[in-house]
Amino acid sequence: MAPTRPNILFLQTDQHRWDALGCVNPLVKTPNLDALAARGIRFSQAVCQAPMCMPSRYSMMLGLYPSQSGLRHNTQVVPADSLLPVPVLAQRLRDAGYQTAGFGKTHWYEGAPFYSPETPIEHSSRGFEVRAVASESEWETGAVVKELEIPGDSRALAEEKRAYGGGGEDPSGYIGRTSAIPPGLHNEGWLAQKAVDFLATGLDPSRPLFLYLSF
């Protein structure tokens, strides 16, 4: 009898320092991540393959170093699936019989004009059958986009974050303040709810699940 294939949850948080975990630093409150760490394995000597978003994300999804993928900074993309050096993780798992669902940023295409204006962008979902993203700049074929689903709330959130700079990375962004916008209308809350809704109503019981959730 063949062993049962496990469901896979790929949970990812962007720009999350290694010590921003309650199980490492008691000043930080991350009870759910602490619970995952307590039940699993925490790799305390793991390193990021590149100190930038796009090459790092491609590295994780391709299983290649940036020097192998050719993606070394945030203004490079692979505009078409046929140009990928190898299939991405979601496509490999879908080909292996998994149901694939992705919620949140992949950074496949953002910054594409800097790569090659002459190369058309496919906006492929790259193996994901179900997709939800927060920003229209991350648009992929068939994706539900928060900016389009609730445009007024997205504009209000953008306005509230404006003073903190791009990505909330200005010094004031690290100080922060309590948001006037309900948690469920923030990108992270919206993405989490989309994932929960999918788990409640969208599962295919005949297949194992690969669920990608990126905050």
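Here is a short conversation about the packing in this predicted model.

Student: Which element gives the most residues to the largest nonpolar core?
Tutor: Happy to walk through that one! The largest nonpolar core has 19 residues, and Tyr 58, Met 61 and Phe 210 have the most contacts inside it. Two or more residues come from each of α2 (53-62), α4 (89-95) and β5 (209-214). The element that gives the most, with four residues, is α2.

Student: How many residues does the other core have, apart from that one?
Tutor: Look for Ala 132, Trp 190, Phe 198 and Leu 209, which are among its members. This core lies apart from the one just described, and its number of residues is 11.

Student: Is Gln 12 buried or exposed?
Tutor: Start with its place in strand β1 (residues 8-12). Beyond residues up to four places away in sequence, Gln 12 touches Arg 57, Met 60, Lys 105, Tyr 212, Leu 213, Ser 214 and Phe 215. Its relative accessible area is 9%, and the cut-off for buried is under 20%. So Gln 12 is buried.

Student: Within what arc do the buried residues of α9 fall, seen down its axis?
Tutor: Good one to check by eye! The buried residues in α9 are Trp 190, Leu 191, Ala 195 and Phe 198, whereas Ala 200 and Thr 201 on the other side are exposed. What covers the buried ones includes β2 (99-104), β3 (130-133), β4 (144-145), α6 (146-149) and β5. They line one face of the helix, because they fall within an arc of 135°.

Methods:
Residues are numbered from 1 along each chain as its sequence is written. This is a predicted model: local features need pLDDT of at least 70, side-chain atom pairs count only at pLDDT 80 or more; totals for chains, interfaces and linings use all residues. Side-chain values use heavy atoms; hydrogens and water are left out. A nonpolar core is a set of buried Ala, Val, Leu, Ile, Met, Phe, Trp, Tyr and Cys residues joined through side-chain atoms within 4.5 Å. Buried means under 20% relative accessible area, exposed over 50%, partly exposed in between (1.4 Å probe, protein chains only). Contact means heavy atoms within 4.5 Å. The arc is that of the directions from the helix axis to the C-beta atoms.
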